[in-house]
Amino acid sequence: MGPQSDGDYLGGEVYWAGGLHLYTPLPFRPGRGGFGDLFRTHFFLNAGNLCNLNYGEGPQAHLKKLAECIRWSYGLGIVLRLGNIARLELNYCIPMGVQSGDRICDGFQFGAGIRFL
């Protein structure tokens, strides 16, 4: 996301990001007490923004830039827990707040995650 040059994203000087994730047992619970307990339903809402700063402006202007035009998306999916360390996810993502120049990837997405704590 953010400014581009010849199809390459240039990034920015400052960003913020946040997410709200809810994991629940599968509603139909196949394999209860065994393999089925490794799966969870996943609901999420993610938001953030990225911008470049104009150092002639003050901190108030920088905060205003970060609060404008927030990018956000939501979705749901299924998560497979791999031990207590990692997970595999298949999610359906719906981007809502987008800006011109953002490359949108809606629909099904596959991901992997590692638990650090």
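**Side-chain environments and contacts**

Ile85 counts as exposed, its relative accessibility being 58%, where exposed means over 50% relative accessible area, buried under 20% and partly exposed in between, computed with a 1.4 Å probe and protein chains only. The model is a predicted one, in which local features need a pLDDT of at least 70 and side-chain atom pairs count only at pLDDT 80 or more, whereas totals for chains, interfaces and linings use all residues. Residues are numbered from 1 along each chain as its sequence is written, and side-chain values use heavy atoms, with hydrogens and water left out.

The secondary structure of the protein comprises one helix and seven strands, helices (H or I, at least four residues) and strands (E, at least two) being DSSP runs numbered from the N terminus. Read from the N terminus on, the elements follow the order β-β-β-β-α-β-β-β. Of the 117 residues in the protein, 21% are buried, and the accessible surface comes to about 8300 Å², with 62% of it belonging to carbon and sulfur atoms; these areas were obtained by the Shrake-Rupley method with a 1.4 Å probe, only the protein chains shown counting as cover for residues. Among the contacts in the protein with a separation of 6 or more, 54% are made by residues 24 or more positions apart, a contact being defined by heavy atoms within 4.5 Å.

Ile85 itself is located in the loop between strand 5 and strand 6. When its neighbours within four places in sequence are left aside, Ile85 is in contact with Gly113, Ile114 and Arg115. For Ile85 and Ile114, a sequence separation of 29 residues is accompanied by a C-alpha to C-alpha distance of 5.8 Å.

Strand 5, which spans residues 71-82, includes Arg71. Arg71 is buried because its relative accessible area is 12%, and its side chain is joined to that of Asn49 by a polar contact of 2.8 Å. Such a polar contact is a pair of N or O atoms within 3.5 Å, of which, within protein, one must be able to donate a hydrogen and the other to accept it, residues adjacent in sequence counting only if both atoms are side-chain atoms.

A further polar contact, of 2.9 Å, is made between the side chains of Asn91 and Glu89. Asn91 belongs to strand 6 and, at 7% relative accessibility, counts as buried. Not counting residues up to four places away in sequence, Asn91 touches His42, Phe44, Leu76, Gly77, Ile78, Gly107, Phe108 and Gln109. Glu89 likewise counts as buried, with 12% relative accessibility, and takes part in a salt bridge with Arg87, in which the closest N and O atoms are 2.7 Å apart. The structure holds one salt bridge, the term denoting a side-chain nitrogen of Lys or Arg within 4 Å of a carboxyl oxygen of Asp or Glu. Arg87 is partly exposed, its relative accessible area being 28%.

A pair of aromatic rings is described by the distance of the centres and the angle of the planes. Rings of Phe, Tyr and Trp (its six-membered ring) were paired if their centres lay within 6.5 Å, planes under 30 degrees apart counting as stacked, over 60 as edge-to-face and the rest as tilted. A search of the whole structure finds two aromatic pairs. The rings of Trp72 and Tyr74 are stacked, because their centres are 6.2 Å apart and their planes stand at 25 degrees. Trp72 is partly exposed at a relative accessible area of 36%, and Tyr74 is partly exposed at 35%. In the pair of Tyr92 and Phe108, the ring centres are 5.1 Å apart and the planes lie at 75 degrees, so the arrangement is edge-to-face. This pair links distant parts of the chain, with Tyr92 in strand 6 (residues 86-97) and Phe108 in strand 7 (residues 107-114), 16 residues apart. Tyr92 is partly exposed, with a relative accessible area of 37%, whereas Phe108 counts as exposed at 63% relative accessibility.

A disulfide is a covalent bond between the sulfur atoms of two cysteines. With a disulfide taken as a pair of cysteine sulfur atoms within 2.5 Å, the structure holds zero disulfides. For Cys93, the closest cysteine sulfur is that of Cys105, which at 9.2 Å is too far for a bond. Cys93 is buried, with a relative accessible area of 12%, whereas Cys105 is partly exposed, with a relative accessible area of 48%.
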